[in-house]
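Open the model in your viewer and keep the sequence beside it. The tour goes from one selection to the next.

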Amino acid sequence: MASSDVNVENTNVKTAPGVSLDEHQKTIVGSVLDLFAGRPSLKKLQLWDDNGVFQDPITKAEGRKQYEPQWYGLQTAFSEIERLHHEVTDAGNPIKMDLKTRYVVKGIGKEQTISSKIQIYLDKTTGKITEVQDKWDGNLPDSTFTNIFRQLNSVTVPAFVSVPKNDEEDAKRGNQ
């Protein structure tokens, strides 16, 4: 699927010296950058495997029914999302990227800047995303206590955040 078919907004993917991406990788990275910017769409999420996983320090969403609401939830939770920096540092599998983003929480105006190490895993046969890891300050928590809350978040967010059922509903929300 070409980036024009997916309407990837971030087509200027920055890479570290010596790192080059093929067109498919550029589409994948651009779509993931769009997701982190609070610009999801059903077409962008079709680049994901149905059983894909998204994890960060506050959630571990497994499968389409859990990871889609996580991305649509950014629009609900934040009034502003500004990408301050990104750079792809490795074009392998996983694709590795540094990302720095500023978020402003809706309603209370609290500002938070998060520096992440992103890893994007692709299925070698289909080219679809099988996992995205968002490691804040380079880390993912690994304790039973924290993992219980991450799992709880992956189940509760879908209960409160709706995902459009089709492209028309997606467009009404301002998504491409």
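Start with the residues that line the largest pocket: 13 are nonpolar, eight polar and two charged. Here Ala, Val, Leu, Ile, Met, Phe, Trp, Tyr, Cys and Pro count as nonpolar, Asp, Glu, Lys and Arg as charged, and the others, Gly among them, as polar. The volume of this pocket is about 430 Å³. For the centre, select Asp56, Ile58, Leu74, Phe78 and Trp136, which are the closest to it of the 23 lining residues.

A pocket is found on a 1 Å grid over the protein atoms alone, as an open set of points where a 1.4 Å probe fits, with protein on both sides within 12 Å along at least five of seven lines; lining residues have an atom within 4 Å of a point. Grid points are joined across faces, edges and corners, and the volume is the space filled by probe spheres set on the points.

This is a predicted model, in which local features need pLDDT of at least 70 and side-chain atom pairs count only at pLDDT 80 or more, while totals for chains, interfaces and linings use all residues. Residues are numbered from 1 along each chain as its sequence is written, and side-chain values use heavy atoms, with hydrogens and water left out.

Next, colour by secondary structure. The chain has six helices and six strands, in the order α-α-α-β-β-α-β-β-β-β-α-α. Helices (H or I, at least four residues) and strands (E, at least two) are DSSP runs, numbered from the N terminus. Which helix gives the most to the lining of the largest pocket? It is α4, with six residues. At least two lining residues each come from β1 (48–56), α4 (64–77), β4 (95–105), β5, β6 (129–136) and α5 (144–160).

Now select serine 116, in strand β5 (residues 111–122). Serine 116 counts as buried because its relative accessibility is 7%; buried means under 20% relative accessible area, exposed over 50%, and partly exposed in between (1.4 Å probe, protein chains only). Its side chain makes a polar contact of 2.6 Å with the side chain of aspartate 134. Such a contact is a pair of N or O atoms within 3.5 Å; within protein, one must be able to donate a hydrogen and the other to accept it, and residues adjacent in sequence count only if both atoms are side-chain atoms.

Move to lysine 135, in strand β6. Beyond its neighbours within four places in sequence, lysine 135 is in contact (heavy atoms within 4.5 Å) with Ser115, Ser116, Lys117, Gln119 and Leu140. Its C-alpha atom is 5.9 Å from that of aspartate 56, although the two residues are 79 apart along the chain.

Aspartate 137 follows, in the loop between β6 and α5. Its phi is positive, about 50°, although it is not a glycine. Is aspartate 137 buried or exposed? Its relative accessibility is 65%, so it counts as exposed.

Go back to helix α2 (residues 23–36). Because 11 of its 14 residues are buried, α2 is largely enclosed by the rest of the structure. At its N-terminal end, aspartate 22 acts as a cap, with a side-chain oxygen 3.1 Å from the backbone nitrogen of histidine 24. After α2 comes glycine 38, with a positive phi near 75°.

Finish at proline 94, in the loop between β3 (78–90) and β4. A cis peptide bond, with omega about 20°, joins asparagine 93 to proline 94.

Note on methods
The expected span of a helix is 1.5 Å times one less than its number of residues.
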